[in-house]
Amino acid sequence: MAQYSRVSGSVGLITLQNPPVNALSAAVRQGIVDTVKRALGDPEVKAVVIRGQNGVFCGGADIKEFGTNMSGPHLVPMIHAIEAANKPVVAAIEGIALGGGLELALGCHYRVAHSKARLGLPEVTLGLLPAAGGTQRLPRLIGVPAALDLITKGRHITAAEALQLGVVDQVTGHGTVDAAVKFALSVAGKPLDARRISTYPCPRTSDLDALFEGVMQKVRQSARGAIAPIACVQAVRAAATLPYLQGMEREKELMATLFTSGQARALQYGFFAQRAVGRWSTPSGARWDTSKPRPVHIAAVIGLGTMGRGIAVALAQAGLSVVAVETQEKQLMEAKQAVSGMLERGAKRRGVAPALDKVSYSHDIKAVADADLVIEAVFEDMALKRTVFRQLSAVCKPGTVLCTNTSGLDVEHLASQTRNPQLVVGMHFFAPAHVMKLLEVVYGPQSSPQAVVTAMQLGKKMGKVSVAVGNCRGFVGNRMLKPYLEQAFFLLEEGATPELVDRALEEFGFPMGVFKMSDLSGLDVGWRVRKADGLAEPVGASGQPARIRQGQRYSPLGDLLCEQGRFGQKTGRGWYQYDKSGGQVASSDPWLHSFLEGYRAMHGLVARRIDLQEVLERCLYALINEGFRVLEDGIVAGPEDIDIIYVFGYGWPRHRGGPMFYASMVGLERVLERLEQHHKAHPDVPHLQPCSLLRRLVSSGSPPVHRWREVLKKLNSQL
Ligand code: COA
Ligand code: ADP
């Protein structure tokens, strides 16, 4: 809806009304058309101001309308009518002007913004382009390079940057609407010809072809298969090379391809999934909105390795006082320097003062006595963690929430070491913890809703995307990664190379294939875990066949590389070779290829031709199958949780939604059929055996992913 009133005698004030972000739903568009007509037809009105209610100008097109039968007036003619008006129209931008909201403002003759407002054309992040003239007006207003930067990245800018670029005409720190009304009165009656952006020529840029070629190359590289950024470049090129109306035609054509694409569906699903994970629930009935978080002013971190340092930085940047404890004197000194450096660099980037005085350091665990919440980040060793939790339980004040940053150990077991097991949860950060967005908040059967809500809330404060997950080996992300890695090893045994496997995964859209990723994070990490699990024994020891462990197929390839001291980038050798220890550019290693040949010969394996499709199916479907098991076990409440974990923590390409969304797009019948085939070919690999939930979903008619929660509930109640 839009409300109309007259202010200061001769200014028509139009207020968009569609909480919470005044998205341009059919009703709002209709409201704008009607109220603009009314203002222009009112002889008393000399100028018009458009604003949004509750201090929010407009969050753009109503994403909920996409995929429905859209009715109501179209945005393009609506904005044209505003631009063509014979009375000045001023946008009063408070809060946000995003997407269609900014396009609406660009159709106005003037723009006045509050200093705290954020503006942008984020459509590309939803698999679209700004198709209400955004790709044609913005380059005409601020030039091609700046417009390309904003449109292809979907970046939000501050009012100050908008003023500097020329997107807005005035910035105010006070009442935006009053300033806009005053502005409107000052321009009433002045000629408007020079204010209609669509009539501007696009500012000339030298060597346009080279500019677009360069940008296109960069965009293709960073898009990793996403089509929207490329269409955005093409649309801006139309603005730079075609008259306005032809440019608008091109914008429309390009949008038509994007609008119905699977990528747009995936990205829009991702938008809502990210919001759905905030409304978490646990099988015991705890919910995001039924408990109040405990206040956390002082947080402590125990252990200042890579993870502990990153967590301390993220906590200090979120404004908390941090007590950082490290037992090794040398490590403590190094950590102090490293944390200060990270805080300084971060503050410089954000243009604020570094929060150095927020962090205090100690080598004594008693220093955490006053902390409201403690995050343990010592070595990944259960015995050590147990001791630390017993100490914490003795040292901390009653009511302190105790968290472990384990990447997969049993949270419940740690809770049992403390006096208040209900106050123990996992906070599984991803390295580097001050950069990576994902946080798995792990609750055990005894964790209280308040402990979960406190950790979730703290994660939010730290700028993380927090997902509540149940307690199981590896939690969600690492649990699903195991069968994926396992398939990659098996493929090598059967004839693939690390290069082939990585190529398949990178072409799918992962920033790095599994072997490059393993070289980056260090092969020794998994080796240590496998040794602790009794898997990575020297070949032939204890009389076991070399490729079978605990009754299942097992590939010792990773262990064999570690035995050779090939830990990946850090040693200059792993699945690839690097120019030096710590080098980052992977190149194919002839040693590795002959090692694989020798390994196959030793085990009587005959290499066969493996294609990219098989790599994808074996790796991804095994991971997806485990995702169904995670759902079946009630470790997460819905597929959105898994998808958000994979997109934000494991490099799953955003434009493919996440593993569970992808499975839904491929078709559950097909995933089931292919898993059955692969399991038949490899009966000794339990991870390829289709999960019963997948079978049940297929029997229930393969509902689309947004209906799985509901179907899961029904299926569970039938058990
Ligand atoms: N259309 C429909 N609903 C929208 C919306 C839009 N353009 N923008 C936000 N919403 C909804 C969200 O789904 C959420 O609904 P919920 O409470 O039912 O989950 C609610 O508005 C609040 O949004 P949220 O993201 O939780 O609030 P925020 O304050 O953190 O962020 C925005 C606000 C506007 C910055 C953010 O929602 C956003 O980026 N929206 C998309 C803007 C966009 O891309 N517009 C172009 C569309 S083509
Ligand atoms: P990462 O964070 O990369 O997993 P490490 O596991 O190497 O790195 O870091 C763990 C850190 O925890 C080390 O610096 C170690 O000295 C420290 N640490 C180990 N035990 C304790 C303890 N009881 N109290 C505090 N710090 C500890």
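A cavity is a set of points, on a 1 Å grid over the protein atoms alone, where a 1.4 Å probe fits but cannot get out. This is a predicted model, where local features need pLDDT of at least 70, side-chain atom pairs count only at pLDDT 80 or more, and totals for linings use all residues. Residues are numbered from 1 along each chain, and ligands are numbered from 1 in the order in which they are written.

**Exercise 1.** Find how many cavities of 30 Å³ or more the count gives, and describe the largest cavity.

*Solution.*
Step 1. The count gives 1 cavity of 30 Å³ or more.
Step 2. The largest cavity holds about 40 Å³ of space (a volume is the space filled by probe spheres set on the points, which are joined across faces, edges and corners).
Step 3. Trp280, Asp641 and Arg709 are among its lining residues (an atom within 4 Å of a point).
Step 4. The lining divides into 5 nonpolar, 1 polar and 3 charged residues.

**Exercise 2.** Describe the surroundings of ligand 2.

*Solution.*
Step 1. Around ligand 2 there are 16 residues (one heavy atom within 4 Å). Thr306, Met307, Glu326, Gln331 and Phe379 come nearest.
Step 2. Sort the shell: 9 residues are nonpolar, 6 polar and 1 charged.
Step 3. Look for polar contacts (pairs of N or O atoms within 3.5 Å). A polar backbone atom of Thr306 is 3.2 Å from a ligand 2 oxygen. For a backbone N or O atom of Met307, the distance to an oxygen of ligand 2 is 2.8 Å. The side chain of Gln331 has an N or O atom 2.8 Å from a ligand 2 oxygen.
Step 4. Ligand 2 alone exposes 580 Å², and the protein buries 79% of that (Shrake-Rupley method, 1.4 Å probe).

Conventions: Heavy atoms only, no water. Polar contact = N/O pair within 3.5 Å; in protein donor to acceptor, adjacent residues only side chain to side chain. Nonpolar A, V, L, I, M, F, W, Y, C, P; charged D, E, K, R; others polar. 1 Å grid on protein atoms, 1.4 Å probe; cavity = no way out; pocket = protein on both sides within 12 Å on 5 of 7 lines; lining within 4 Å.
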